Amino acid sequence: AASHFTQMRILEIDPNHVTFITLISGCADFPSQGKSLGPLLHAYTRKLGLDTCNLMVGAALVDMYAKCGHVDLARLCFDELKEKNPVTWNTMIDGFMRNGKIREAVELFDEMPERGVISWTVLIHGFVKMGLFEEALEWFRKMQVSKAEPDRVTIVTVLSACANLGALGLGLWVHRYALKKGLRDNVKICNSLIDFYSRCGAIELARQVFEKMGERTLVSWNSIIGGLASNGFTEEALEHFDLMQKQGLKPNDVSFTGALTACSHTGLVDEGLKYFDIMERVHKISPRIEHYGCIVDLYSRAGRLEDAMSVIQNMPMKPNEVVVGSLLAACRTRGDVELAERLMNYLVHLDPGADSNYVLLSNIYAAVGKWDGACKQRMTMKALGIQKKPGFSSIEIGCDIHEFVAGDKSHNKSEDIYSMLELLSFDQALCGYVPEAMAKDMLGNG
Amino acid sequence: PAPATAPPPSVNDLERLCQEGKVKQAIELMDNGVKASANCFHSLFEMCSKHEDAKKVHDYFLQSTFRGDVKLNNKVIKMYGKCGSMADARRVFDHMPDRNMDSWHLMINECANNDLGDEGLELFEQIKKLGLEPTGETFQAVLSACASAESVEEGFLYFEEMSREFGISPTLDHYLGIIDVLGKSAYLNEAVEYIEKLPFEPTVEIWEALRRYARSHGDIDLEDHSEELIVSFDSSKAAANKIPTPPPKKYNLISMLEGKNRVTEFRNPTLYKDDEKLKELREMKTGGYVPDTRYVLHDIDQEAKEQALLYHSERLAIAYGLISTPARMPLRIIKNLRVCGDCHNAIKIMSKIVGRELIVRDNKRFHHFKDGKCSCGDYW
Amino acid sequence: SFSSPEEAAAERRRRKRRLRIEPPLSSLNRTQQQTQQIPKPIQNPNAPKLPEPISSLTGNRLNLHNKILTLVRENDLEEAALYTRHSVYSNCKPTIYTVNAVLNAQLRQSKYSDLLSLHRFITQAGIAANVITHNLLFQTIMIKGLVDNGKLEKALELKDEMIGINGFSPDPVIYHYLMVGCVRSRDSDLVFRLYEELKEKMGGEVVGNGFVVYGGLMKGYFMRGMKKEAMECYDEFLRENLRGKWSAVAYNSVLDALCKNGEFDEALKLFESILREHNPPKSLVVDLGSFNVMVDGFCLEGRYKDAIEVFLKMGDYRCNPDTLSFNNLIDQLCSNGMLVEAEIVYREMDGKGVKPDEYTYVLLMDTCIKENRLDDGAAYFKKMVESGSRPNLAVYNRLVDELVKAGKIDEAKSFYDMMVKKLKMDDESYKYMMKTMSDVGKLDEVLKMAEGIIDDEETEFSEELQEFVKGELRKDGREEELTKLLEEKERQKAEAKAKEVEAAEASKRSAKAVINSLISPIGKKEAETESGANKNAIETSFANKE
């Protein structure tokens with residue numbers, strides 16, 4: 001596109017606003033190249049006075065700067081606009097959210113003369129993108145109070161927030177809402193629903209949605225396969241994987257992640273390797289980190305730690321926490337300190353800041369009684385200033401999300417909660433359960 | 001908001017709302033300055049069942065011209081009693097300019113309804129001290145107070161006092177009152193005995209009361225017995241699709257005579273190969289649950305560690321889930337890190353104890369805990 | 001404004017929890033203000049917990065109560081107890097009333113250990129027991145203590161404890177149980193002592209339901225040979241009878257006292273008058289126990305026909321015979337040479353929907369064997385196994401022994417084959433059958449049996465048994481065959497293991513192959529990691545191309 005533009009210039013054809021919009025959004029979509037080209041284009045439009053007068057060009061510019069990470073410049077452009085319409089506002093809010101500037105985004109949102117569905121959605125979507133799911137849902141509620149009707153995009157966004165929080169109650173409500181609005185057959189919404197239900201562990205509901213769908217896209221299949229796999233329904237997941245192909249759909253990398261997860265869940269080593277092989281050889285999909293993760297998990301689970309180690313050492317990308325975690329956890333169960341140490345040495349080169357690996361390794365030391373080693377790991381963590389991530393658990397009761405950390409006493413029913421736990425521990429003791437007092441709880445999840 | 005052209009709401013609107021039983025809207029109208037009539041208060045006092053509403057209506061009543069009306073004040077006592085706020089009822093009662101016998105009765109009855117039988121009985125002592133003349137109705141209230149306080153002796157004492165001191169001959173309601181006293185105090189056998197000794201043929205109401213208490217206390221034989229008698233009064237009262245009572249199986253000396261209970265001889269501890277017990281024995285030998293002491297950190301005292309384990313966040317979330325939902329409902333927990341091994345073990349056992357499916361999503365996978373097992377097959 | 005970060009974090013979480021994400025459609029209707037928390041009154045943790053009043057049995061807890069009662073009526077006690085337990089872990093805790101209903105039903109069905117475990121559970125769960133719970137528990141301990149273990153001492157102690165410490169008024173029924181226990185251990189002194197004690201506790205005179213102990217008292221007199229006093233007691237009982245009514249327990253025990261002590265005619269008279277009064281059962285009731293006592297009485301008199309007749313009549317009085325009472329009658333008939341009649345009664349069980357148990361079958365089997373109807377005896381055994389009842393080893397041994405003695409070796413062997421899969425046999429039982437086989441020269445069978453034992457993972461092939469098998473084989477000079485068999489088995493085991501290892505190796509190899517194929521893109525990666533500079537160079541050249 002850029003070279004075409006140059007040609008246009010050479011041919012002295014005056015570019016009009018459509019040209020610019022196309023070009024600028026082109027830059028926005030490829031930030032790395034757009035970074036250099038964008039400002040040039042901006043300068044050119046400025047000359048023509050398009051940037052402040054033409055709304056669409058202005059919006060495109062704001063979008064471009066925001067996507068390139070220059071949110072301050074985006075704001076400048078925005079402020080200079082002579083006229084603003086909802087699109088420019090929304091673009092600016094999106095720009096702020098994209099760059100993590102929540103306060104600015106919210107302020108701007110409050111300043112807005114009219115807030116449409118899109119503005120709300122942009123804001124909620126921004127929160128979801130940043131992993132602030134509770135906030136997203138809070139804004140969704142505000143949206144409802146303001147009587148704005150959520151559209152399908154909002155619904156998809158909210159469902160993804162619910163999926164992450166495990167807010168089954170709210171999600172069910174959204175599902176009902178979608179049905180009421182006649183969005184029963186909307187494929188995107190159905191796909192989100194499948195994903196949402198399976199991420200809440202309500203696999204039965206996910207299955208129902210899937211069965212009732214009139215048309216299914218690749219995403220629908222991937223969602224159901226992944227859902228079945230992560231919930232431990234291995235056979236069914238693999239059946240769906242085959243069925244999908246029989247219906248003429250070509251599996252993509254996500255489908256294979258699903259199938260591999262299914263295998264790793266029940267320890268089907270040979271099958272897993274077979275799928276991995278087919279993926280590369282037949283479907284020409286180059287494996288991504290998730291796929292390697294599954295293979296490592298498979299081997300670790302089957303007790304073939306050396307094999308897992310060699311996969312980690314030979315994979316073409318840096319192993320992430322998940323991949324390493326699988327193997328380390330297996331080392332712990334097997335008490336293989338030597339391998340764990342080797343693995344850690346390998347990892348420290350790659351990423352010295354990952355906390356969970358230190359925790360795991362020190363747990364391994366503790367498990368085999370090497371207290372010195374355990375302490376050393378903790379010291380190293382301290383010295384490097386690595387803090388372990390605090391663990392928390394949440395549960396949804398009647399559409400409220402309740403979150404707890406270990407030893408939490410801030411809940412207003414904490415007295416009842418603790419007496420219930422004590423009662424449980426009595427009964428557990430009767431069942432022969434003795435709490436495993438291990439190093440883990442000092443260092444571990446909590 | 002109502003359109004500007006509509007006339008301002010009047011007392012008629014309020015009365016209509018009261019008749020329709022719309023408490024909320026009625027209170028709203030009063031908030032907007034509509035003055036209620038005596039009729040309105042009358043029906044509002046009847047209808048209020050929430051303390052919040054009761055308080056509001058009472059406030060408006062105190063501002064009204066009817067605030068001295070005894071009948072309405074009595075209604076207020078009843079209303080507060082119904083809302084479970086005896087402190088408020090008591091305040092109204094204490095500040096009433098002139099009480100009648102009804103006020104006393106209501107007060108005692110409401111005390112009884114709110115598990116404050118003792119307070120009710122104190123009120124009755126006051127009645128006597130003030131020299132008021134108790135009636136049959138008074139004693140009915142007193143007996144229900146006795147029932148509420150589960151004080152059997154006093155119940156009988158007051159029953160006697162009624163005819164001896166005040167010359168009131170007991171009616172069916174008083175006898176029923178005594179049965180209430182016995183029934184609520186869990187004196188079922190005594191209640192049966194009392195009924196049999198009644199100076200008149202027990203009526204169907206009496207058997208119905210007995211059946212009610214038999215049900216509450218879970219004595220199905222007594223329940224069946226009274227039911228049989230009720231049906232003999234009125235065959236239409238036979239329950240159409242009653243489940244037949246299972247025959248009792250008392251291996252004891254009353255139903256069965258000595259030495260006949262030798263089944264155990266024939267069922268002696270010979271082990272069968274499919275015996276659960278045998279299986280358990282085998283499993284214990286081959287890697288059942290053996291507490292792993294290897295993990296005990298020597299520099300931390302045991303108790304603190306166990307505490308820390310016990311109060312891991314997922315367990316707190318589960319405990320909260322338990323106390324907030326009905327039995328056997330599955331719980332879904334989301335955890336941001338991996339579930340620790342000990343919690344995994346503990347939750348497995350928990351799922352069996354509490355009889356629920358516990359679904360835990362950690363950052364790695366789903367764990368569907370059910371009946372002491374986990375879908376992840378102990379790999380996590 | 002927080003003094004510590006923990007406090008701040010706690011506050012944050014508290015705030016977060018308040019954050020309602022409820023669908024606004026419903027939350028809009030809600031008043032904005034938070035419903036105020038009513039602070040719980042501070043309770044003294046040491047104060048004993050009071051049982052909840054009956055008024056707590058409302059709403060959801062009443063629904064739960066009714067649900068459990070239905071389960072009790074359906075006789076699904078396991079589910080009733082389980083549901084009660086599970087409800088403790090919910091937002092609707094069961095009331096003590098519901099628990100009592102389950103306990104009562106468990107007592108009624110003689111499920112003592114279930115009862116005790118549920119009671120232990122509710123104590124832990126902090127559900128305070130009321131009078132009824134205590135009574136039920138006490139009855140259980142008494143009955144269990146007396147019938148199962150004959151622990152009279154312990155029961156007496158318990159009574160003193162309950163009356164002394166817990167301040168419960170003495171329940172004559174409990175005295176009745178104790179007196180029955182005394183009669184059983186032939187301690188008439190204790191009978192009278194208990195009677196005096198009860199009299200004293202009741203204010204010097206036994207009244208009302210105190211008459212429940214009269215049966216025991218009469219037995220005490222009879223035991224001492226004081227027939228006159230016993231009958232005086234009975235007269236008093238009858239006189240009091242006109243004034244009130246007592247439970248079936250009282251009558252049954254008096255009936256029993258009469259029957260067992262040569263006063264059967266009196267007993268019959270009383271029984272018939274009870275039956276007349278039973279309709280409607282207003283003041284008098286008969287129960288299963290009354291019929292059982294009478295059946296016993298008739299039998300004792302040798303009037304077996306009447307016994308059967310009265311037994312079959314009990315259905316008219318809302319009494320249903322259970323397995324135990326069937327067994328009782330069958331036992332009586334069998335031990336008095338009336339096997340045919342016993343079998344008629346046995347067939348009656350099916351019509352009444354009563355399941356025969358081990359006792360029933362073994363009674364019939366033993367009697368058949370005694371009366372030289374070996375085949376019928378064997379048929380009963382077979383039926384017992386097929387119906388899911390579980391005869392014990394001794395019964396099996398008895399049958400096989402009889403069969404062998406009668407020369408029915410093949411049949412005996414077929415019972416061995418049937419039971420060896422199910423029953424955990426001991427060496428003696430194995431030896432017996434092997435010896436039998438060896439005696440008729442079927443050494444191959446002996447070897448096959450040995451093989452079966454080796455293959456069975458549940459059973460250990462003991463040294464002693466091995467020696468025994470060798471000894472039998474030696475008779476025919478085939479002792480080597482066992483050694484061979486053992487070796488062969490060892491070899492097979494090793495082979496299976498090797499195969500397993502082989503399979504593991506194979507899958508490992510195939511995995512290696514896959515890894516190698518994985519490694520193919522690694523060439524590229526190594527280039528990347530090995531020389532960071534190189535990578536930079538590539539990037540710059542890339543940029544330059546731009």
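Mentor: A salt bridge here is a side-chain nitrogen of Lys or Arg within 4 Å of a carboxyl oxygen of Asp or Glu. Keep in mind as we go that this is a predicted model.

Trainee: Happy to start there. How many salt bridges does that rule give over all chains?

Mentor: The general idea is that side chains of opposite charge can pair when their charged atoms come close. In this structure, the rule finds 61 salt bridges over all chains.

Trainee: Let's look at one. Which side chain meets Glu223(B) in a salt bridge within chain B?

Mentor: That is Arg215(B), with an N to O distance of 3.2 Å. Check the surroundings of each partner too. Glu223(B) counts as buried because its relative accessibility is 5%, under the 20% cut-off. Arg215(B), at 29%, counts as partly exposed.

Trainee: And which residue of chain C forms a salt bridge with Glu223(B)?

Mentor: Arg73(C) does, again with 3.2 Å from N to O. This pair crosses between chains: Glu223(B) sits in helix H14 (residues 220–233) of chain B, and Arg73(C) in helix H3 (residues 59–73) of chain C.

Trainee: Are Glu223(B) and Arg73(C) buried or exposed?

Mentor: Both are buried. For contrast, turn to chain C, where Arg474(C) and Glu479(C) form a salt bridge at 3.1 Å, N to O. Here Arg474(C) is partly exposed at 42% relative accessibility, and Glu479(C) is partly exposed at 25%. Salt bridges can also link up through shared partners: Asp13(B), Arg16(B), Glu20(B) and Lys22(B) are joined into one network in this way.

Trainee: Now cysteines. How many disulfides are there over all chains?

Mentor: In general, a disulfide is a covalent bond between the sulfur atoms of two cysteines. In this model the count is 0 over all chains. Two cysteines to look at are Cys374(B), which counts as buried at 12% relative accessibility, and Cys182(C), which counts as buried at 0%.

Trainee: Let's step back to a whole chain. What helices and strands does chain A have?

Mentor: Chain A has 26 helices and 2 strands. Of its 446 residues, 54% count as buried. Among chain A contacts with a separation of 6 or more, 60% come from residues 24 or more positions apart. The chain exposes about 19,700 Å², and carbon and sulfur atoms supply 55% of that area.

Trainee: Where in chain A does pLDDT stay under 50?

Mentor: The principle first: where pLDDT is low, the predicted coordinates should not be read in detail. In chain A, pLDDT stays under 50 over residues 437–446, for which the model has 48 contacts beyond four places in sequence. Chain A as a whole averages a pLDDT of 77, with 74% of the residues scoring at least 70.

Trainee: Could you walk me through one helix? What span does H9 of chain A reach?

Mentor: Compare the end-to-end C-alpha distance with the expected rise. Helix H9 (residues 117–129) of chain A has 13 residues and reaches 18 Å, close to the 18 Å expected at 1.5 Å a residue. Its buried residues include Trp120(A), Leu123(A), Ile124(A) and Phe127(A). Among the elements covering the buried residues of H9(A) are helices H7 (86–98), H8 (102–111), H10 (133–145) and H11 (152–165) of chain A. After H9(A) comes Gly131(A), whose phi is positive, near 80 degrees.

Trainee: How many helices and strands does chain C have?

Mentor: Chain C has 28 helices and 0 strands. Of its 546 residues, 48% count as buried. Residues 24 or more positions apart make up 61% of the contacts with a separation of 6 or more in chain C. About 27,900 Å² of chain C is exposed, 50% of it supplied by carbon and sulfur atoms.

Trainee: Why is H19(C) described as largely enclosed?

Mentor: Count its buried residues: 11 of the 13 residues of H19(C) are buried, so the helix is largely enclosed by the rest of the structure. Among them are Tyr359(C), Leu363(C), Met365(C) and Cys368(C). Helix H19 covers residues 358–370 of chain C and reaches 18 Å from its first C-alpha to its last, close to the 18 Å expected.

Trainee: One last residue. Where does Ala394(C) lie?

Mentor: Ala394(C) lies in helix H21 (residues 393–405) of chain C. With a relative accessible area of 41%, Ala394(C) is partly exposed. The C-alpha atoms of Ala394(C) and Met425(C) are separated by 10.0 Å, and the two residues are 31 residues apart along the chain.

Note on methods:
Residues numbered from 1 in each chain as written. Chains lettered and ligands numbered in written order. Heavy atoms only, no water. Buried < 20%, exposed > 50% of the residue type's maximum accessible area, 1.4 Å probe, protein only. Helix = DSSP H or I, 4+ residues; strand = E, 2+ residues; numbered from the N terminus. Disulfide = S-S within 2.5 Å. Contact = heavy atoms within 4.5 Å. Areas by Shrake-Rupley, 256 points an atom, 1.4 Å probe, with all protein chains shown as cover. pLDDT = per-residue confidence, 0-100. Expected span 1.5 Å × (residues − 1).
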